[in-house]
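Me: I'd like a close look at one part only: the aromatic rings and what sits around them. Please keep it relaxed and walk me through it in one go.

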Amino acid sequence: MNAGFSPVDRCWVCGGGTLTAVHGARFDLSEYARQDPPLAEYSGARIDIVACGDCGFAQPAALPALPAFFDRMYDQRWSDDWIAAEHRADYKDAIFADILATLARRLPGGRRRLLDIGAHAGRFIAAARHAGWQAEGLELNPKTAAFAASATGAPIHQGNVHTFSADGVYDAVTLTDVLEHIPEPRVVLRRVARYLAPGGWVAVKVPNGPAQRVKERGHALLDRRYEARLADNLVHVNHFSPASLRRALAQEGFRDVTVIAGAPEYPAGAVSRIVRRLVFLPARFIPGAVHTPLALNLQAYGRR
């Protein structure tokens, strides 16, 4: 028997209480049977993902009551070879280049101190330093944090936003495919605002929740053997729409907030890359298309 769940009855973005089930999340944590048996006991459980009727944000109807559930789940014992391969992999390079170019346009040339939250194996930090940024990282997993420090020569702080403190230090803070993983995203953004010097910018890239639901349901309709998946194991706890992402940033004091279609990952394979680019380009450049299923990812910027 697992440790149970604690209900979440208010929207994490706007505080609304009208929450309607839009998807289900199932748990399969059997890979942790030896490493963390209480975590593995959640295997087989299911909970609803609910959407707020007021702002469109979606989140779990309940969270696992097991202490430090998410820290324990992300304590993944990856091999050294896998981590090294992640550092070399180029599938996110278009995302990284897009973010760095946008931040460079929004900040004067003398302001280039950057913190990457969720530094992973350090590839973004390497790209940032190559582009002239004084980049540092914050990474929860001790193995990837150590590798990123060694591979980039940059300071990598091992921990998370709730344990790391730095007031008014950075000109830019980046969260690329990170904010969707951490419960209560406004608390995270509040911490991030403290890290930034006045006039500094945050860059947040997340999946577009409504568009991802459409994609998954379409896949399931075309292939009856496929089960639509968005949040298994609660890997994704925050499911933002463009409006709810803008609202979350604005409510935590960020100004000049913009939300646009985010650049996609480009995996190996020419056909896949072409298809993803053909979907992304109209989502980025056609007015209003960020609110359509073409925008599978969201990229937001806000100024402190």
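Reply: Start with Arg 112, which lies over the face of Trp 133, 4.6 Å from the ring centre (CZ of Arg or NZ of Lys within 6 Å of the centre and 35 degrees of the ring normal). Arg 106 does the like with Trp 201, at 4.8 Å from the ring centre. Mind that this is a predicted model, where local features need pLDDT of at least 70 and side-chain atom pairs 80 or more, while totals for chains, interfaces and linings use all residues. Numbering runs from 1 along each chain, and side-chain values use heavy atoms, without hydrogens or water.

Now for rings meeting rings: there are ten aromatic pairs here (centres within 6.5 Å; planes under 30 degrees apart are stacked, over 60 edge-to-face, the rest tilted). Take Tyr 42 and Phe 69: their ring centres are 5.5 Å apart and the planes stand at 75°, so that's edge-to-face. Tyr 42 sits in the loop between helix 1 and strand 3, whereas Phe 69 belongs to helix 2, 27 residues apart (DSSP runs: helices H or I, at least four residues; strands E, at least two; numbered from the N terminus). Both Tyr 42 and Phe 69 are buried (under 20% relative accessible area with a 1.4 Å probe, protein chains only; over 50% is exposed, in between partly exposed). They also have company: Phe 5, Phe 27 and Phe 70 join Tyr 42 and Phe 69 in one aromatic cluster.

Another pair is Phe 164 with Tyr 195, centres 5.4 Å apart and planes at 70°, so edge-to-face as well. Phe 164 is in the loop between strands 8 and 9 and Tyr 195 is in helix 7, so this pair ties together parts 31 residues apart in sequence. Phe 164 and Tyr 195 are buried too.

Conventions
Phe/Tyr/Trp six-rings, centres within 6.5 Å; stacked < 30°, edge-to-face > 60°.
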